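Morning, everyone. I'll take the pocket, then two helix contacts, then a salt bridge. Have a look at the structure first.

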Amino acid sequence: MNRRQLLRMAVGSGTGIALVGLHRACLAGADLDAAPGHPVVDDELRGVLTAIAETIIPETDTPGAIAAGVPRFAELILTDWHTPEERQPVIDGMRALDDACFDKHGRGFAACAAAEQVSALSAVQDGEMFKVLKSLVVNGYFTSELGATSQPGYDP
């Protein structure tokens with residue numbers, strides 16, 4: 001079973017309803033391993049997105065979100081499958097998170113230490129940006145081959 005099949009099952013079962021863009025992508029049969037076709041995330045925000053993904057699922061004795069290609073997956077869904085109106089609160093939330101880190105630590109979110117990143121994300125965990133990105137990160141990770149097969153108890 002590949003990522004597309006797993007995500008179609010998840011969306012169909014109701015677990016992905018809050019992820020409008022992911023739902024659209026699955027229904028359209030999108031190549032979920034492709035690079036974003038309509039990038040709207042600049043390099044700075046791409047760094048924030050990557051750091052958020054790795055903070056949510058860090059590399060430990062199993063691969064983290066970066067190794068599983070989650071940032072690219074999250075950017076694909078966010079940029080190609082969310083409408084501008086759906087995407088804007090996430091983009092604004094990432095910029096606000098980055099600005100808050102600059103104000104508090106003198107550096108952006110991606111340059112902060114792991115503990116600072118966890119603290120910064122904890123402060124925004126009830127916001128739309130975090131909810132959307134957390135869902136994309138978790139879905140992207142556990143439906144990637146690396147994320148699914150590296151978990152304890154995996155038995156093909």
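Residue classes to begin with: Ala, Val, Leu, Ile, Met, Phe, Trp, Tyr, Cys and Pro count as nonpolar, Asp, Glu, Lys and Arg as charged, and the others, Gly among them, as polar. On that split, the lining of the largest pocket has nine nonpolar, four polar and three charged residues.

Some ground rules. This is a predicted model: local features need pLDDT of at least 70, side-chain atom pairs count only at pLDDT 80 or more, and totals for chains, interfaces and linings use all residues. Residues are numbered from 1 along each chain as its sequence is written, and side-chain values use heavy atoms, with hydrogens and water left out.

Now the pocket itself. A pocket here is an open set of points on a 1 Å grid over the protein atoms alone, where a 1.4 Å probe fits, with protein on both sides within 12 Å along at least five of seven lines; lining residues have an atom within 4 Å of a point. The largest one holds about 180 Å³. Its lining has 16 residues, and Leu-97, Ala-100, Ala-120, Ala-123 and Val-124 are the closest to the centre. Helices H5 (84-105), H6 (114-123) and H7 (128-142) each give two or more residues to that lining. Helices are DSSP runs (H or I, at least four residues), numbered from the N terminus. H5 gives the most, seven residues.

Next, H5 against H4. H4 covers residues 70-81, and the two axes lie 9 Å apart at about 135°. Axes are lines fitted to C-alpha atoms over the stretch in contact, with angles from 0 to 180 degrees between N-to-C directions. What meets H5 from H4? Leu-78, Thr-79 and Trp-81. Their partners in H5 are Glu-86, Arg-87, Val-90, Ile-91 and Met-94. Contact means heavy atoms within 4.5 Å.

H4 also packs on H2. Those axes come within 9 Å and cross at roughly 90°. Gly-21, Leu-22, Arg-24 and Ala-25 in H2 meet Phe-73, Ile-77 and Trp-81 in H4.

Last, Glu-86 and Arg-24 again. Their side chains form a salt bridge, 2.7 Å from N to O. The cut-off is a Lys or Arg side-chain nitrogen within 4 Å of an Asp or Glu carboxyl oxygen. Glu-86 is in H5 and Arg-24 in H2 (residues 20-27), 62 residues apart.

Note on methods: Points joined across faces, edges and corners; volume = space filled by probe spheres on them.
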